[in-house]
Structures are given as structure tokens and as C-alpha cells.
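Visitor: I would like to learn how to read the contacts in a model like this one. Please take the features one at a time.

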Amino acid sequence: MDFNLSEEQEMLKTTARDFLEKECPKSLVRQMVGDERGYPPELWRKMADLGWLGLIFPEKYGGLGGSFLDLAVLQEEMGRACLPGPFFSAVILGGLFVLNAGSEEQKTSLLTKVANGELILTLALTEPSAGYDAASVEVEAISDNGDYVISGTKLFVPDAHIANYIICIARTKKGTAPEEGITAFLVDGKSPGISCTVLKTIAGDKLCEVVFDKVRVPKKNIVCKLDQAWSAVEKTLQQATVAKCAEMVGGAQQTVQMSADYLKERIVFGLPLGSFQVMHYYIGNMVVDVDSSRFLTYEAAWRLSEGLPCAINIAMAKAWTSNAYRRVTALGEQIFGGVGFIEDHDMPLYFRRAKAAEVTLGDASFQRELVARQLGL
Amino acid sequence: MDFAFGEKEEEFRQEVRDFLSEVVTPEMVEERAGGKYYERGPHSKELMRKVGEKGWLALTWPKEYGGQGRPLGDRFIFAAEMLNYGVAAGGSGIAIVAPILMRHGTEEQKKEWLPKIARGEIEFSLGYTEPDAGTDLASLQTRAVRDGDDYIINGQKVYSTMAHQVGYHWLAARTNVDEPKKHKGISLFMVDLKSPGITIRPLKTIADELTTEVFYDNVRVPAKNRVGEENQGWYYIAEALDFERSLVVNIVNSERIVEGLIEYTKETKHKGRPLAEDPFVRQGLAQLWIEVNIKRLLGWRTAWLESQGIVPNVEAAVLKIFGHELDQRVAKTGMEILGLYAQLEPGSKWAPLKGIIEHLYRFAIHLSYGGGSHELMRTIIASRGMGLPRLH
Ligand SMILES: Cc1cc2nc3c(=O)[nH]c(=O)nc-3n(C[C@H](O)[C@H](O)[C@H](O)COP(=O)(O)OP(=O)(O)OC[C@H]3O[C@@H](n4cnc5c(N)ncnc54)[C@H](O)[C@@H]3O)c2cc1C
């Protein structure tokens, strides 16, 4: 047993923290909400130079061969910094899907480019029905003259507006079970028939509506086997969920730190606000929420890294962390009072992101249902 | 990070399981089941002696004091396995008295008391709390006045649990009334509860089991039963708290209780369908299962810190808050799931799960102030952990 990070992970953490403090100040984060792309390309290049974009890809695909624990460490720092941009969509959702399901050729050509920052991928899974389960996949791809033709609407697709390729999860067959007949297509983001609208979201990130109007995709762009993509989708979702939890832990940790710092400075009734016991109570609750989220998340990441069964651990981590992060930011807002209500303050960044992260990849009740099933209920 | 136990630890765990499978009888489990978390009946005492004979009460003590000199982490494994078997052994004698004796006792005291404690032959009731001194323990007023080779003690203790079932009182009393700093006038004594002048009055708690009031009326205690220096008792008490941090939440086995609830809802039908199909039940039990796992992880972290030679302080406060408030939530959700049946007490006809949920609902009330006020625990996290100022 060891509750410490390894030396390399500590180094990654420090590097990431220093880098993001310098290169990703909160002013930039706020600015990027109104930016059309949503991130500065120079920052993306620098992240590629640091090796982050290939952190979890094997070396033969241009990556560093890192583990999920390494990824969790990095994601935590990104969550702390409120890093804008397509890391989650390109590297985690898109990149890991290709790694999980792609052919050798696809992996070599796509992942190398993701790792060096040339290529943005994203995963188009959810639809207006807004579910992460197989039954919610209704967008159809119909075989036509050796190609496939995709029609329908994908919703909440992150960063589709800048993606070179959108991995579209579509229904190719109405099987007996909803998991059957699902296929993944690598769709060029510029294909005729695709229209993309950036939605206005609580976290100011770039979630898109992507309408496929008879979009033609060659057969060779199928990732994974025809009709059999669901298990790879599921695996990718699980990995992404752990990463999302780590991001939330980072944001929650930073919220507690900011709140405690403020409580030491702010004077009310002639005393530091932080000397009033009810504030101790708030901080105590926040620390309990952060620690509990952290260990559930890291245990899940560790199990993933070790190749141990971890479906229940991941669901537990997301169910708990989703609500814990929300509680922590709500208390943060309470502690800061009016100043935390002003958009220029950092508190709104975390408050907004907490809600977005909570509903992304399944909220607490969705995840608890997964836990219940794992318990045989 | 590594969330697996090492090979040596797993070996020890197996050894403990083998031993417990052999010695634990249904009577021992029965005696603690259905709400006897604190009491020590004859079967529990029997188990304690067996564990003592095996040398495992003093698992991590240095060999020179009759211990096994095992790594600190083993204690955590041992306690967890005991809990899994639904039994307990080792109370205040092992957890508090012995560590203080080892550090501050005289050679004579060590020779006389430690082996008996290690073998499970004697047990102590903790005599800290008084009617006007609970969380603010330093306010205690029970007086001990030196008289030749003895002290003469007068005063009243309250909630001295098990005082009616064990031989000795581990007593904190005031030896200096002139010292303005209240915590600097307290000394510790080992008192034979059969001494003349002592009256023990049982108090029935909301959780059925008994605690006691102990009255001291001119009780003579030999000065050789004072532990450590006069007026230094407060510091010893504080120090002793640091020894068993990772074990503080090991009173209720919430994991096992939740498992029981899960089984119950699978087997029990309501309007023709298993309770486990009800979304409210599924969500509630999944949530408890998640929290049980958090308690496990927070416990592991605290134990791991201890095994690294670090005294977990803030981390132990986090564990106590989470673990004990979880016990309360287990009871609350469990009662909601049981519906009308929730009100049936242990021993009642029709009582689901032998009434353990109903009992826990009453028992868990005190866990958020007993053994450390949870308000103060949060203050510890905020002040020691996050650097906030404290007014007291
Ligand atoms: C079943 C049971 C068994 C026990 N066994 C023993 C035993 O064996 N030996 C023994 O010595 N004692 C024992 N106790 C006593 C226990 O340690 C005390 O109940 C505890 O210390 C709290 O003291 P109190 O009851 O006087 O409450 P108080 O100290 O009066 O506290 C009342 C409430 O105020 C809160 N509070 C107290 N101080 C603060 C503060 N500074 N800031 C904010 N809130 C505060 C508390 O958390 C609590 O909610 C036992 C108690 C129970 C219920």
C-alpha cells in the first residue's frame, strides 16, 4: 500500500502546475469562453512539446506510454487550472477510442498526429435523448455502394467545431440487444452534409450540435468492427470518466484552497472571517469531500492501470465526485459572498465547471444505478 | 500509489482469519449482535483472553513489554478482521492505558500491569467525562489530594462505560486547583473499582446498553497507582489519542450492515416485487456502498500514515467525521428502506435483520460527539489542515 504519488508523478504534477500557472492564467480561461476556437493554438503546441498530448499513448504511436494514474495526475492539474481546449475530446475521448478500437494503421496514423498536436479528434456519442447508454444511439448509418451514409443529430459533442475528425457512433443494425449493431465512423469534420453549431454552456466550453445530413463516409473509415463498436465505446467512457473525476478533484481542491486563503484575509466584525466556527464547519466539510473524492478516483485509476476489474470503482468515483465537487463549489460561493458572485472572480469558473462535470458522462443517479447493478440489485 | 496490501500483510490477514475461524463461537457474535457494542459480557471476555494468549492484543507493542513487535499496520488488519467476524477485543487497556504506561509508567508499574493487559486478564473503564466536563475535558473537577502514600479522591464521573463490568477505572482527576491553566492540574490514576467509597450507578442509554456514573467518596488510591508525573495527565491523554487514530471508526461495521441490507432487499418482496427493484432502494443502497468504500479508503490512508511513522491528525479527523456520520446515514437510509418494519426492535417478532438497523438508528446518535466532537474535528481540519485561526 502506498498513498504517495511516485517520484515521476510528483514531477509531472509540479511541472504541470508551474506550466499552467504561467501559460494558463485565469484571465486566459475567461477570455477563451468568448473565443471562437476556445483555446490558443500556441498553448496546444506547448502541451504537445511537453508530451502531454501523447501521455497515455504507447511509444510506438508517438506517446510516452504513461499509465492512467499519470493521466489522473495531469487531469487533476488541468482541473485546478480550468484549462480550456480540446484535451479531453482529442486525447481522452477520441484518442483513447482509437487506441481501444482502431486498426494498427489507424492507430499509427491518427495517434501520432494527436500526440504531436496536429490532429484534433472528438467523439460524437450523445444525441438529443441525452443518454450515455447503447439504447440512446439512434443516429443511423446506412450502407450504400461501399460507403456508409450517416443521418441524424449528435448533441453535446465537445469541440466538434474544430475537430479534424469526428468519431461518430452510429447505428448500423437494429439488433436484438441495444449494444448490437453499433459502429464507429471516422468522419472528416469538413465532410459535406455536416453542420456544426456551438452551444452556449454553463462552463463556457465548446459543446456542439452536429447535424449529419446524408454524410458519406468510406467503409475503410470504420474504426473497430462493423456493428461491434459498443464495448470499445463503453471502455472509452469508463476511462474518460476516471479522467473527468480527476479533473473534478483538482477543481475542488483548488476551491478549498482559495476559500481557506480568503477566510484568513477577510475581516468581519473586527475578526478574520475564518475564526468563526461555522466557517471551520464549511471548510471541514469541503476537505472531507475532496479527500473522499480523491481516494475513490485514484483507486479507480490505479485499478485501471493495473488491469483489475474496475467498473464499480469508476461508477462509485463518478457518483460521489460529481456531487462532492458541486457541494464544494456551492460552499465556496457561500464563503466568498458577493465577490464570488462577480464574473471576474475565479469562484464562478469553478462553480460553473462543477455543474458541467457533474452531468457529463452520467450524473450521480445514473452512476449509482450502475453501482446497484454491479451489486446484483 | 498502490491500493493493494503487501504479501506479508496478506499472510498475516490469513493467519488472523484462520485463528478467528477456530476461536470465535456463535455465542461471542450473538453477545455483540443486536446492540452490544460497548458491553463486555462473559463470552467477549473469553475471546479477549484467547486473543491475549495468542499475543495479539499486544500485537504491535515492543517485545520487551510482552508484545509481538509487529509493524503498526498489522493492528489495522487485525481490527478489520475482528470486525468482519462480528467480534471485538481489546478496549481502553490496550488502546490507552498500555501506551501511556510504556512511555511514562515506572518500571514496577510496567512489570505489574502490562503483562495482565496484554493477556486480556484485566480491563479498564475510561474515567474522563464528568457532568460539567465533556468535550471541554480540562474543566474536570474530581479532586485527588495527596495523603501520605495515598491519594484521597472525591467527585463524580459520568458515562464511564463498562465500569460495572471491568475491574479498573482509568481516572483523570485534579491534583492542582491553584493552577489557572486548567489542563495543567490533572493527573492519571489506575483505580480498583472495588475500592471502598466507590459507588457505580448504571445508566440505561437510548441504545439499550448501559453506561455508568461513578461516585468517589473519600476513596483511597495508593500513590503508586498514579501514572506518570503529577499534573501532567492532560498531556498523556492527548498523546494517547494519537495511538489509535486509524481505529476510531471501528465500532460499527457499516460495510457488513449495508451488505445485510442489500441481501434483505433482494429477498424481500413488496407488493409482489423484490424491494431491490425499487429505484429509491437501488439509489440509496448504491450511495451507501460508495460511502462504505470511502470509509475503507480513508481508514487505509490513516493506517498507512501510521505505518510510515506519521501521526495522522487532520486525516484522522476526516476519517472520524466521515466514518461516524456514515454510520448515522446507514441507519437513516436503512430505516427508510424498511418502512413500517423499521420500528421493530431487536428481539421483536417480525423484526427485519434482527433489528440491527433499528438499533443502529439509536446507537449512532452519539458517534458524532463521543470520542471527539465533530464540530471540533472540523475546526481541527480548518485550523491545522488549512491554517484558519482559532479563537479558543
Ligand atoms: C455511549 C457513550 C459512551 C461513553 N463512554 C465514555 C467513557 O467510557 N469514558 C468517558 O470518559 N466518557 C465517555 N463518554 C462521554 C463522551 O466522551 C462525551 O459525551 C463527549 O466527550 C461529549 O461531552 P458531553 O456529552 O458533555 O457533551 P458537550 O461537551 O457538552 O457537547 C455538547 C454538544 O456540543 C458540541 N461541542 C462541544 N464543544 C464544542 C465546541 N468547542 N465547538 C462546537 N461544538 C462543541 C458537541 O459536539 C456536542 O454536540 C461516553 C458517551 C457516550 C454517549
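Guide: Start with one pair: B:Asp150 and B:Arg220 form a salt bridge, their closest N and O atoms being 3.0 Å apart. A salt bridge here is a side-chain nitrogen of Lys or Arg within 4 Å of a carboxyl oxygen of Asp or Glu. B:Asp150 lies in strand β3 (residues 150–158) of chain B and B:Arg220 in strand β7 (residues 210–222) of chain B, so the pair ties together parts 70 residues apart in sequence. Helices (H or I, at least four residues) and strands (E, at least two) are DSSP runs, numbered from the N terminus.

Visitor: What kind of model is this, and how are residues and chains labelled?

Guide: This is a predicted model, in which local features need pLDDT of at least 70 and side-chain atom pairs count only at pLDDT 80 or more, while totals for chains, interfaces and linings use all residues. Residues are numbered from 1 along each chain as its sequence is written, chains are lettered from A and ligands numbered from 1 in the order in which they are written, and side-chain values use heavy atoms, with hydrogens and water left out.

Visitor: Is B:Arg220 buried, partly exposed or exposed?

Guide: Buried means under 20% relative accessible area, exposed over 50%, and partly exposed in between (1.4 Å probe, protein chains only). B:Arg220 has 43%, so the residue is partly exposed. For another setting, take B:Glu81 and B:Arg13, whose side chains meet in a salt bridge (3.0 Å, N to O). This pair joins helix α4 (residues 72–84) of chain B, which holds B:Glu81, to helix α1 (residues 7–23) of chain B, which holds B:Arg13, 68 residues apart. Both B:Glu81 and B:Arg13 are buried.

Visitor: Which residue forms a salt bridge with B:Lys194?

Guide: The partner is B:Asp192, with the closest N and O atoms 3.9 Å apart. B:Lys194 counts as exposed at 70% relative accessibility, and B:Asp192 as partly exposed at 29%. Salt bridges can also share partners: A:Lys13, A:Arg17, A:Glu76, A:Glu77 and A:Arg294 are joined in this way into one network.

Visitor: How many salt bridges are found over all chains, and how many between chain A and chain B?

Guide: The whole structure has 50 over all chains, and the count between chain A and chain B is three. One of these links B:Arg301 to A:Asp291 (2.8 Å, N to O).

Visitor: How should I read the rest of that interface?

Guide: Begin with contact, meaning heavy atoms within 4.5 Å. Chain A gives 45 residues and chain B gives 41 residues. Buried area is the accessible area (1.4 Å probe) that two parts lose on being put together, summed over both. Here the two chains bury about 4400 Å² between them, 71% of it on carbon and sulfur atoms. A:Met1, A:Phe3 and A:Leu377 supply 20% of the area that chain A buries against chain B, more than any other three residues.

Visitor: Why does A:Cys208 form no disulfide with A:Cys196?

Guide: A disulfide is a covalent bond between the sulfur atoms of two cysteines. The rule asks for a pair of cysteine sulfur atoms within 2.5 Å. The sulfur of A:Cys196 is the closest cysteine sulfur to that of A:Cys208, but at 3.8 Å it is too far for a bond. A:Cys208 is buried, at 0% relative accessibility. A:Cys310 is buried too, at 9%, and its sulfur is 12 Å from the closest cysteine sulfur, in A:Cys245, again too far for a bond. The count over all chains is zero disulfides.
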